[in-house]
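Please walk through the structure shown here, taking charged pairs, helix packing and aromatic rings in turn.

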Amino acid sequence: GSGRAWLSIVGDLLGPSLEGLGGLLKLPYGCGEQNMVNFAPGVSIARYLIETGQLESLPEVKEKAINVLQTGYQRENRYRHSNGAYSAFGENSWSDRGGCLWLTSFVVTTFCKAKTTGLIDVDEAKVCQSVDWIAGRQEAGGNY
């Protein structure tokens, strides 16, 4: 038989995947932790497409990204405590009374990244309250 070889050269590693990016955007659902599992990657995908100047050329993906970001943001705020903390099941759950440090940190980081996209409005006052809650958990030695 005869041998064959293929060579592909791409300047952008995700270039061949752009058409399938919409499939990576998943609508957030579930508890506070599950919601973040789909919300955070949606934020990262949107940021990538914006930073590489590709989002405007993919209107269906842009529409889906906006929906994922809006839905994830709104749903995550259902698990926000009045003190600024976030937890898996919210303030009124018997298991989540004090809030969760790691989840609150993840939410704050992701909300700040989502704000940079300009695709959704993020309440900065609520983010600041959450940052204050996190800072209030720090021990004298710097540990959390």
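Glu51 and Arg47 form a salt bridge, with 3.5 Å between the closest N and O atoms. The model is a predicted one, and this distance is computed from its atoms. Both residues belong to helix α2, which covers residues 32-51, and because they are four residues apart there, about one helical turn separates them. The two ends of the bridge fall into separate accessibility classes: Glu51 is exposed at 61% relative accessibility, while Arg47 is partly exposed at 24%.

How many salt bridges are there by the rule applied here? The count is three. Another of them joins Glu56 to Lys62, with the closest N and O atoms 2.8 Å apart. Glu56 has a relative accessibility of 59% and counts as exposed; Lys62, at 23%, counts as partly exposed. A further salt bridge links Glu124 with Lys115, where the closest N and O atoms are 3.1 Å apart. Here Glu124 is partly exposed at 47% relative accessibility, and Lys115 is partly exposed at 37%.

Helix packing comes next. Two packed helices are described by the angle between their axes and the distance between the axes. For α2 and α3, the axes come within 9 Å and cross at roughly 145 degrees. The crossing of these two helices is left-handed. On the α2 side, the residues in contact are Gly32, Asn35, Met36, Asn38, Phe39, Gly42, Val43, Ala46 and Leu49. They meet Val61, Ala65, Val68, Leu69, Gly72, Tyr73, Arg75 and Glu76 of α3. Sorted by class, this contact has ten nonpolar, five polar and two charged residues.

The other helix pair to follow is α4 with α5, the latter spanning residues 124-135. Their axes lie 10 Å apart and the helices pack at an angle of about 150 degrees. The crossing of α4 and α5 is left-handed. From α4, the contact draws on Leu101, Thr104, Ser105, Val108, Phe111, Cys112 and Lys115. From α5 come Glu124, Val127, Ser130, Val131, Trp133 and Ile134. The classes here are eight nonpolar, three polar and two charged residues. Lys115 and Glu124, on the two sides of this contact, are also the partners of a salt bridge described above.

Phe111, part of the α4 contact with α5, leads on to the aromatic rings. A pair of aromatic rings is described by the distance of the centres and the angle of the planes. Searching the whole structure gives three aromatic pairs. One of these is Tyr86 with Phe111: the ring centres are 6.0 Å apart and the planes stand at 90 degrees, an edge-to-face arrangement. Which parts of the chain does this pair tie together? Tyr86 sits in the loop between α3 (59-76) and α4 (101-117), and Phe111 sits in helix α4, so the pair ties together parts that are 25 residues apart in sequence.

Are Tyr86 and Phe111 buried or exposed? Tyr86 has a relative accessible area of 2% and is therefore buried. Phe111 is buried as well, with a relative accessible area of 2%. Together with Phe39 and Tyr73, these two residues form one aromatic cluster. Phe39 and Tyr73 appeared earlier in the contact between α2 and α3, with Phe39 in α2 and Tyr73 in α3.

Note on methods. Residues numbered from 1 in each chain as written. Predicted model: local features only at pLDDT ≥ 70, side-chain atom pairs only at ≥ 80, totals over all residues. Heavy atoms only, no water. Phe/Tyr/Trp six-rings, centres within 6.5 Å; stacked < 30°, edge-to-face > 60°. Buried < 20%, exposed > 50% of the residue type's maximum accessible area, 1.4 Å probe, protein only. Axes fitted to C-alpha atoms, helices over the stretch in contact; angles between N-to-C directions. Left-handed = near helix turned anticlockwise from the far one by under 90°. Contact = heavy atoms within 4.5 Å. Nonpolar A, V, L, I, M, F, W, Y, C, P; charged D, E, K, R; others polar. Salt bridge = Lys/Arg side-chain N within 4 Å of Asp/Glu carboxyl O.
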